[in-house]
Every structure is written in structure tokens, then in C-alpha cells.
Amino acid sequence: MTGSTDPRDSLKINISPEEALKIGKLLGSQHRTVAVCRDGHRTSQMVEKAIMAGIISTGGDAYLAGECPATAMPFMRPRCDCYVCIAADDPEQISGINIHNPDGSYFDESQVFNLMSKEVRIHYPDYSGLGNATDAGGIIREYELALTELIKKCDCQIVMDGTYVSPTSVSAKVFTSMGSDVVIVNRSGNTSIQSLTEFDLRDLTSTMGAYKGSIGMALNSDGSRFAAFDEERNHIDGRKLATIFAKELSPSRVTVPIDMTLAVDDVLDNDSVVVRVRRNIKSVVDMMRDNGSSLGMDLDGRFVFSDFSMTPDGIAAALRLGEIATTVKLCDLIDEIPDYPTCSEIIRTTVPEAELTEMIMEELSATEYTSMINVDGIRLDFDNGWFLVDVNGQDQCVTITCEARDKAYMVGLMEIAKNTVNAAIKRFD
């Protein structure tokens, strides 16, 4: 349920210099070579220095990529034992970190636990045993070359938001080399930028109006996520983006969060497999490593292409969308893909989470459904839709989300879900 925690999430925002130093020490004591990159946020520079000092102090060598998209790090030559990406998802907060394996996948939960559990056994070498700090040059060049091999043709007109210089410049350079015309809206002087989710992109869509038929792109600070607009300046939300990639790439196996739209299933071939996991991109990547999915994605513009790397790559996704737009208008493609009705409701309750979850499961046992997934919520699939029951003990509420192929079916599913939850609450009372 919502109460489940991932130890990696505690590192991704508001990391203190003291905590960064400790993590650097732990990495340096257990991994001989550690690469570090960061976004352009000023607190990322602070965290970078602390992590670097920690790595060196326990005998590790730090390879510093500086301000570099996180998506480029798997293409470092030679590869390091692991790498750290420092970024601020919210520019009003202090940066956090993600720790990755050489292939781009995240350190899994057991790796993070094992790393942090060895704090009491940190060994400090004498002066001659200290590690070195070295500039890691050439990473972006290697990444750009890999992108040009991934994307065969991308000949379209693109307007890009230029808020985040490093990921924007990399993607613009590759777009241009592929034959695309690129216009960048320069907003880099704005010091009060919102996160990509909240970002007011009116400047981008306004500029698109001057370049008829263009598509719009925006990347977050480390290049791991992207937002897109079609030729008619309509925002392509996460559900539609996920459905487009599923339809156009036709993966035999795809991994998605538990709340991913049913439209993804419907545009795939009948023999394709959709695997649903916790609503966390790290969980998506973890499962991809286990099940061999070629595509992983969430509803927030993160896409993982395992034939390229195992890290969420908004730059590669933007280029692949541009490749699609070269042969078909995105607005026409969106008209062709399913867009099913969804709804959500919240039921307030003081019933303890564990007890309520158990009683909801008992109530659902009498329901006729086609499949059930009990991870990060209880999802029941039916012939023409699904609902997700998410118990949150901390907020004292139950959130119910429904999606169906038609509105009447969705309303019916919501009634089933609400009746189930209310019956479970009544039993406790």
C-alpha cells in the first residue's frame, strides 16, 4: 500500500552535506571507482563536493563528470564500478542523489541496505592510500554517438524549452544532426523555475505558434524525464505518451506501474506481456532487469529502453518521439489511440491501515474479477476496466481509482469499489 517504503527514496531529495559525505565514504570504501555527475542546481554543486571528499577519504577514485545529464553516465568509457547522479527534482529544495550500477539500473534495495549498513566498519587509509579525483571527459560525446545509432531518422521541426541547459543542448545537437530544425526557447535566466510537472510551459507553446507544424519538447534538470506537445500545441500527457510508445515500439514485454492505463494493453499485440509493479520508476527498472522487458515507463514522462541503457532517459525518449513524428503527425496518432475515461474518489477513515487492508481483501474475495495485483495498492482487473484501492494509514484515507473502456462501466466499477471499502470499514466499526 502507500505505506510501503523504498530506502532509496530517502536519498533523492534534501540530502544534507553531512549525509552526502557519509555516502561518499561508504561508496569509496566498497567500490574502487565511482563516477559522479550533477545538474546545474547550486545545491547540486555542494552535494557533489561532499560526495567527492567522502569517496577519496576512504580510498576510492572519483571520476567527476560535472554538469552532465544523468542519462549519459552509462556510456562513460571506461566504466566505473558505480555512479552517482545529483539533481534537484524541485528547484526550491536541496538536491538529492540516485546511485546506479554501470548499466544504468538503480542500486536495488538490498544494495542500498548493504551499502548503508557498513557505516561502522568504514576504514580510513593513510595519506598514501587516499583516492584521486579525476575529470571524466568525453562522456557526453560518447552518449551523443550512441543516440545517433539509436535514432535512424528524425526530420521534423522542434521547439524546445531551454530551461535546463545541459540536457537541452545534448538533445538539440542530436536532433540537428538527424536533420531536424530546432528552436530553443531560452529561459535559463529564470531563477524561480517550477518542477517539470508543475512548469508553466506557455512560453514554449507560444513560440510553437510561430513555427506551424512544430512539436514541443521540455526536459527536466538531469534529462531523465520529458514533456511533449503535438503539432496543434496540445500537451501529450503521460498516459498518451506511454500508449504512443507501446503502439509504435511494439515490445514483446513491457513493465509499468500498477496504475498504468489500460490503453497500453490494448495497443499491444495479443502475445505481448504487460507487467505491473509499484508506482515507482525504480521498481520498474528492478523488474525490467529480472524479466527482460525491452520497454519500461511511468505516467510522469520517464522511459527506459533496455536496448540502450537501464536508466530512465528523457533525451532518448524525446528523440524517439521525434523519429515517430517524422513519419506520422502526432496529433493524428493521438486521435487513433484509446483514451479511456478515468475517475478517482477518496474515502476518509480512521481504521488502521493493516486491519482495513485485510478486511478489504476479504470483501473482494466474493468479487468476480479476471486478475488481482496486490502491490502498492490492490488492483482488480475486469473484462472492460479496472479499479485500484489504495489504503493510506498516514493520511487516514482510501483512494479509489477506476478506468474503463466506457463511462458507464467505469461508474459501475467505482460503485463496486466504494461498496467494498465501506463494507470493510463498517465491519471494523
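# Sheets, helices and salt bridges in a predicted model

Q: In what order do the five strands of the open sheet run?
A: They sit in the order 4-3-1-2-5, and their pairing is mixed. Keep in mind that this is a predicted model.

Q: What makes strand 4 and strand 5 the edge strands here?
A: Strand 4 (96-100) and strand 5 (133-135) each pair on one side only. As for the twist, neighbouring strands of this sheet are turned by 25° against each other on average, ignoring direction.

Q: What makes strand 2 and strand 5 a pair?
A: A pair needs at least two bridges. Strand 2 (residues 61-67) and strand 5 are joined by three bridges, so they count as paired. The two strands run parallel, and A62 stands opposite A133 in strand 5.

Q: Which strands does helix 1 touch as it packs on the sheet?
A: Helix 1 (residues 17-30) touches strand 1 (33-38), strand 3 (82-87) and strand 4, and its direction makes about 15° with that of strand 4.

Q: And which strands does helix 2 touch?
A: Helix 2 (residues 42-57) packs on the sheet too, touching strand 1, strand 2, strand 3, strand 4 and strand 5. Its direction makes about 175° with that of strand 1. Angles here run from 0 to 180 degrees, so helix 2 and strand 1 head in nearly opposite directions.

Q: Why does the contact between R38 and E48 count as a salt bridge?
A: The rule asks for a side-chain nitrogen of Lys or Arg within 4 Å of a carboxyl oxygen of Asp or Glu. The N to O distance between R38 and E48 is 3.0 Å, so the pair qualifies. R38 belongs to strand 1 and E48 to helix 2, and the pair links distant parts of the chain, ten residues apart. Both R38 and E48 are buried.

Q: Which residues share salt-bridge partners in one network?
A: D9, K12 and K282 are joined that way. Within that group, the side chains of K12 and D9 meet at 4.0 Å, N to O.

Q: Why is K12 called partly exposed?
A: Partly exposed covers what falls between buried, under 20%, and exposed, over 50%. K12 has 32% relative accessibility, so it lands in the middle class. D9, at 25%, counts as partly exposed as well.

Q: What makes K22 and E19 a salt bridge?
A: Their side chains come to 3.5 Å, N to O, and the limit is 4 Å, so the pair passes. K22 and E19 both lie in helix 1, three residues apart, which is about one turn of the helix. In general, residues three or four places apart in an α-helix point the same way, because there are 3.6 residues a turn. E19 is partly exposed, with a relative accessible area of 27%.

Q: How many salt bridges does this rule give?
A: The count comes to 26.

Q: What span does helix 5 reach, and what is expected for its number of residues?
A: Helix 5 (residues 165-177) has 13 residues and reaches 18 Å from its first C-alpha to its last, close to the 18 Å expected at 1.5 Å a residue.

Q: What do the buried residues of helix 5 pack against?
A: Their partners are strand 2, helix 4 (139-150), strand 6 (157-161), strand 7 (181-185), strand 8 (215-219) and helix 10. Among these buried residues are V170, V174 and F175. Just after helix 5 comes G179, whose phi is positive, near 105°.

Q: Why is helix 10 described as mostly covered?
A: Eleven of its 14 residues are buried, including I315, L319, L321 and I324. Buried means under 20% relative accessible area. Helix 10 covers residues 314-327 and reaches 21 Å, close to the 20 Å expected.

Q: What caps the N-terminal end of helix 10?
A: D313 does, with a side-chain oxygen 3.1 Å from the backbone nitrogen of I315.

Q: Why do strand 12 and strand 14 count as edges?
A: They belong to an open sheet of four strands in the order 12-11-13-14, with mixed pairing. Strand 12 (273-277) and strand 14 (303-305) each have a single partner strand, so one side of each has no neighbour in the sheet. The twist from one strand to the next averages 15°.

Q: In what sense do strand 13 and strand 14 pair?
A: Strand 13 (residues 295-297) and strand 14 are antiparallel, with three bridges; in one of these strands, strand 14, F303 is the bridge partner of M297. Helix 9 (residues 281-291) lies across strand 11 (253-257), strand 12, strand 13 and strand 14, at about 155° to strand 11.

Technical notes. Residues are numbered from 1 along each chain as its sequence is written. This is a predicted model: local features need pLDDT of at least 70, side-chain atom pairs count only at pLDDT 80 or more; totals for chains, interfaces and linings use all residues. Side-chain values use heavy atoms; hydrogens and water are left out. Contact means heavy atoms within 4.5 Å. The expected span of a helix is 1.5 Å times one less than its number of residues. Buried means under 20% relative accessible area, exposed over 50%, partly exposed in between (1.4 Å probe, protein chains only). A polar contact is a pair of N or O atoms within 3.5 Å; within protein, one must be able to donate a hydrogen and the other to accept it, and residues adjacent in sequence count only if both atoms are side-chain atoms.
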